[in-house]
Amino acid sequence: MTLDISKNEKRIEEMLAEQKKDQLAEQKKDQSVVAQMILDISKNVKRIGEISAEQKKDQSVVAQMTLSISKNEKRIGDISVEQKKDQSDIKPAFAAYFNKDAYGYISLARGQILIFDRVQLNVGGGYNTGTGYFTVPRTGLYLVSCKLRSQANRHLHVFLMKNHNKVALSYGGNYNEGSFTLPVQVDKEIN
């Protein structure tokens, strides 16, 4: 029995040693897992710091862009005011004539709208070379002048029309000249 006790004691010691060895191995394994987790946490904390720095940088860029947009909107507003002021300073005018050939002869039908083939001046863009109409770019008093000369054995009557109403007449016959110069009050058409 003493032998059995001694064997059992030895077996218990071996088991305790194995258990201790297993526990040490488990502890080392646990320590390794904990060390890896600490390393992962450290990496995550570092990455969070980098992301936070990037966010702050992005926020700074967004703030700068917002400020730039605000400055540009203000500048656009200033330019718009300047353009309106510049447009109000424009004194509309146009000068045009016919130059069909060396003598300036043209053939006209009764009631035909004169469409000048040469435009020297068109300040304010009121004269339309496609239609022959002058649309006033702003309300005001306009000085209108016309000079014409008829062909041989022909009579020429030219009316100044304002909104389809006759305002002035110039005529000539058999190489005679006709002309008119008069102020005309006009209002800009509001759309």
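This is a short tour of the structure, stop by stop, with something to select at each one.

Before you click, note that this is a predicted model, in which local features need pLDDT of at least 70 and side-chain atom pairs count only at pLDDT 80 or more, while totals for chains, interfaces and linings use all residues. Residues are numbered from 1 along each chain as its sequence is written, and side-chain values use heavy atoms, with hydrogens and water left out.

**Stop 1: helix α1**

Select residues 2-89, which make up helix α1. Helices here are DSSP runs of H or I with at least four residues, strands are E runs of at least two, and both are numbered from the N terminus.

Now pick V33, M37, I41 and V45: together they make a nonpolar surface patch of about 370 Å². A patch is built from residues with over 30% relative accessible area and no salt bridge, with nonpolar side chains (Val, Leu, Ile, Met, Phe, Trp, Tyr) joined within 5 Å and like charges within 9 Å. The areas come from the Shrake-Rupley method with a 1.4 Å probe, and for residues only the protein chains shown count as cover.

Is V45 buried or exposed? V45 is exposed, at a relative accessible area of 53%. (Buried means under 20%, exposed over 50%, and partly exposed in between, using a 1.4 Å probe and protein chains only.)

**Stop 2: charged pairs**

Stay in α1 and show the side chains of R47 and E50, which meet in a salt bridge at 3.2 Å, N to O. The term means a side-chain nitrogen of Lys or Arg within 4 Å of a carboxyl oxygen of Asp or Glu. These two sit 3 residues apart in the helix, about one turn. Add E54, whose side chain also meets that of R47 in a salt bridge, at 3.6 Å, N to O. R47 is partly exposed at 38%, E50 is partly exposed at 35%, and E54 is partly exposed at 41%.

Next, jump to E177 and K147, where another salt bridge spans 3.6 Å, N to O. This pair links distant parts of the chain, with E177 in strand β6 and K147 in strand β3, 30 residues apart. K147 is exposed at 61%. Back in the helix, R47, E50 and E54 are joined into one network by salt bridges that share partners. How many salt bridges does the structure hold? There are 6.

**Stop 3: the strands**

Select β3 and β6, which pair in the antiparallel sense over 10 bridges; strands count as paired if DSSP finds at least two bridges between them. Look for Y142, which stands opposite V184 in β6.

Then move to β4 and β5 (residues 165-173), an antiparallel pair with 8 bridges. Here H155 has G173 in β5 as its bridge partner. The two strands form a hairpin with 2 residues between them, and N163 in the turn has a positive phi of about 50°.

**Stop 4: the core**

Color β6 by face: G178, F180, L182, V184 and V186 are on the covered face, and E177, S179, T181, P183 and Q185 are on the uncovered one.

Finally, select the largest nonpolar core, which has 11 residues, including V136, Y142, L160 and F180. Such a core is a set of buried Ala, Val, Leu, Ile, Met, Phe, Trp, Tyr and Cys residues joined through side-chain atoms within 4.5 Å. β3 (140-149), β4 (155-162) and β6 (177-186) each give two or more residues, and β6 gives the most, with 4.
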